[in-house]
Amino acid sequence: MPTVSLEVNGKPVKAEVEARTLLVQLLRYDLGLTGTHVGCDTSQCGACVIHVDGRAVKSCTMLALQAGGTKVVTIEGLARDGKLHPMQAAFKEHHGLQCGFCTPGMIMAAVDMANRIPNLDEKTVRHELEGNLCRCTGYHNIVQAVLAGAKAMRA
Amino acid sequence: MADTGIGASVRRKEDQRFITGRGHYTDDLNRPGQAYAFFVRSPHAHARIKSVNTAAAARSPGVIGVFTGQDVAADKLGSIPCGWGVTQKDGKPMNAPPHMPLAADKARYVGDQVALVVAETYNQARDAAEKVVVDYEVLPASVDLAATAKKGAPVIHDQAPNNVCFVWGLGDEAATKAAFAKAHHVAKLNLVNNRVIPNAIEPRAAIGDFDTGDDSYTLYVTSQNPHLARLVISAFVQIAPESKLRVVAPDVGGGFGSKIFIYAEECVVTWASRKVGRPVKWTAERFESFLSDAHGRDHLTHVELALDKDGKFLGLRVDTTANMGAYLSNFASAIPTYLYGTLLQGVYTTAAIYCEVTSVFTNTVPVDAVRGAGRPEATYLIERIVDVAASDMGIDRAEIRRRNFIAAIAFPYQTQVALQYDSGNYGASLEKALTMIDYAGFEKRRKEAAGRGKLRGIGLASYIEACGIAPSQVVGSLGAGVGLYEAGQVRFDATGNVTVFTGSHTHGQSHETTFAQIVSDYLGVPFEKIEVVHGDSGRIPFGMGTYGSRSLAVGGSAIVRAMDKVIAKGRRIAAHLLEASEADIEFKAGKFSVKGTDRAKTIGEIAFAAYVPHNYPLSELEPGLDETAFYDPANFTFPAGTHVCEVEIDRDTGVVAVERWVAVDDFGRIINPMVVAGQVQGGVAHGVGQALCEAAVYDKSGQLLTGSYMDYCMPRAGDLPSIEVDTTVTLCTHNPLGVKGCGETGAIAAPATLINAIVDALAPLGVKHIEMPATSQRVWQAIHSAS
Ligand code: FES
Ligand code: FES
């Protein structure tokens, strides 16, 4: 089996994987990083969003081997030194989650969104969340959380 | 206590683990020695299984075992039951054909489980499944809901001639006929309640784990009701006695009804774990969720409303054909009957009601409860026909509702369809909602939109629902196979911390927070010192689980009853310690004190004394402070309210933009307003999805055409507006908290609200009705066939 080397949440990782192994499978099943979720098989729900070299990627859409040499950050790596990332804190403060299953992907997508777009407004957030499904919240509080989290990231 | 007690928008205890990726959903769990399962599913909607050849699959790399319907039969597993026996109009029982965990004789829908492959890795199981050779004799399928009961349609079960499960009636047929005979006007409508697919974002999963040491099983499963799963898998499927089966439902990523049911997959992996002597894990891929999670709704209805000359409702007649799919799921028969017909009074004084439901089998995925379950269907038809009547008679839509509301002073109110409403004030929610949206100013906004080339419409729906299911003796007399109480246990430890064990299950509802608020408020224990435990039949005395917005009304009430017992015992301990008579002890804000004195003991001190009983009335009282209560409600609860929304339709594309949404609901006492608003918003989005874009579509041969997120349209953030939420309050009169329930009302109110708004927008073109989902194509066609 081929080997892949990459950095995950700041730590070097080396793993043997079948060529068909998806990046999300490597994270969840080989590395035990189960915070990244799988909600679909057609790259639409966004439960699996992580950061690869600083950009949001649906980890179900990438082969583990394609991630060789990259720096990956998952939801587990977002909080630093026991302190929540402002986007995580905003999701809690604004009740942006219910069952929590879409949440890691939402937060990772939201951080990327805030990094890319300086002045987010409600309409833009709603449009940008096109690739993330939530069945619980009706998105209302997710949108509030993303707006507040983005603001806190700039502060 | 005010900031963490009842009524405070306390931030959630459960969030920390979810926002940091440390939740424990079923697929996150792994058992030592675990093997992986993949199911072979029928590619045909209806086919005789002539043989299943597993030899090549068994030789495939990594394969540990391959199992078929014959193996299930050889081990004498039982059928997965339908737990609600409906008595037909003619007095006969419904036709309830068996549903074996793996099909042996026939496959009855695309996705039906035919065989199971267990292997060392998931990929090996999946690869080997392709080598299972099933010799099918393909049979003609019966897929069309309108035609399945007609002569000549292919018969799906020998036990159900004509594919009819039951014909059921409710209400007074003769009185309704008489009401129509004296009507000034009769409004009529045919409508479709479209079939929806639940789509919790977490796919179903199960790990069966047989312990060869003590012959016991543990099942980890995505369930809304682990105890019910244990009961069914033990008593009906007969895999193991309840004492030898523990069911754990850890973090669950949304249910919406779909995880109430006990599915073939979890039965089979439990059984298979013994066959292979290893834990067996199965996790659905999304395509399997589409093909095997119970679908919802799927009604064809003809409704007629009789009115007098002033627009008062004299009679309502409803004729519905309801789809059961290929097998009866656990609660399938209750949905279009006792959760539907019984709601047809709505919030109105309609004098006579009759409803007849024909429930039928088709070669499609089984149909059962999805968020709202029966009540969205009832609300949709009532609120649509009320709008049709208003338009026919030229009466304002808010005004016709006002004229027919059950008055705030008329409670308790006995309906024509078996329920007794305990409290409500329907006018109050309507007026508040109309004010919030500026109903009076709408025509100006319509005009302004028309100036921009847009069709603007406003729609409202005044719904009611029955939840907090339910008094066990009532549901028992109506055919339920189980009681519907709930269990709660409140345990102090010696250091004054409290653990609350509840039979309710939280999969988004926020019980870990809201139940702790109640306990903190009642017992005066700091919120941080309270832990809520749920989802494990091995830790919790018993439970009926979470569905039908019952957790707070029934599960919360059980906890209150357990706290009453804690306080009663604490009072006796305090009397001893304070050397006072029990009658002189009062309990307030966490302290037992002797009336009229400053002598007192905190509940923490009482707990310590109970666990370290050195100075303790041991001859009269057991040590410990740990009480359990079972609460069986006296009645359903009846949340009600009015939703109003405004839409704008683009004439060129038919695209409907939902511009505003106002929800005013009466949930009784509110524990956590933040959580309640979130539940309403989520429910509204679910209902908007049904009304605007969601639909399960089958082709004639029974292939599901909407089997992925490419083809099944889920509502996205951009499809929805901000959802403005407010409440009015009348307390529930029969539970100790005065609460009603809020989890489903959005999904109940939204479809009618939205379709009423769309029809209003299109009304100037002469459009009188549009079917759900009102996709842009359908709306565009309506615009173009009208003009
Ligand atoms: S799992 Fe759904 S988009 Fe990746
Ligand atoms: S919080 Fe449950 S799917 Fe988003």
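**Where chains A and B meet, and the pockets around them**

In this predicted model, 53 residues of chain B are in contact (heavy atoms within 4.5 Å) with 45 residues of chain A. Local features need pLDDT of at least 70 and side-chain atom pairs count only at pLDDT 80 or more, while totals for chains, interfaces and linings use all residues. Residues are numbered from 1 along each chain as its sequence is written, chains are lettered from A in the order in which they are written, and side-chain values use heavy atoms, with hydrogens and water left out.

The size of an interface is often given as the accessible area lost when the parts come together. Here the buried area (accessible area, 1.4 Å probe, that the two parts lose on being put together, summed over both) is about 4200 Å², and carbon and sulfur atoms give 53% of that. On the chain B side, B:Ile19, B:Ile201 and B:Arg716 supply 17% of the area that chain B buries against chain A, more than any other three residues.

What about charges? Between the two chains there are 5 salt bridges, each a side-chain nitrogen of Lys or Arg within 4 Å of a carboxyl oxygen of Asp or Glu. A:Arg135 and B:Glu694 pair up in a salt bridge with their side chains at 2.7 Å, N to O. As for the side of chain B that touches chain A, H17(B) gives its largest share, 8 residues; helices are DSSP runs of H or I, at least four residues, strands are runs of E, at least two, and both are numbered from the N terminus. By class, this side has 22 nonpolar, 18 polar and 13 charged residues, where Ala, Val, Leu, Ile, Met, Phe, Trp, Tyr, Cys and Pro count as nonpolar, Asp, Glu, Lys and Arg as charged, and the others, Gly among them, as polar.

Then come the pockets. A pocket is an open set of points on a 1 Å grid over the protein atoms alone where a 1.4 Å probe fits, with protein on both sides within 12 Å along at least five of seven lines; lining residues have an atom within 4 Å of a point. Volume is the space filled by probe spheres set on the points, which are joined across faces, edges and corners. The largest pocket holds about 970 Å³. Of its 37 lining residues, A:Leu22, A:Gln25, A:Tyr29, B:Tyr122 and B:Asn123 sit closest to the centre. H1(A) brings the largest share of this lining, 6 residues.

The second largest pocket, at about 730 Å³, has 25 lining residues, with B:Val655, B:Val656, B:Ala657, B:Gly718 and B:Asp719 nearest its centre.
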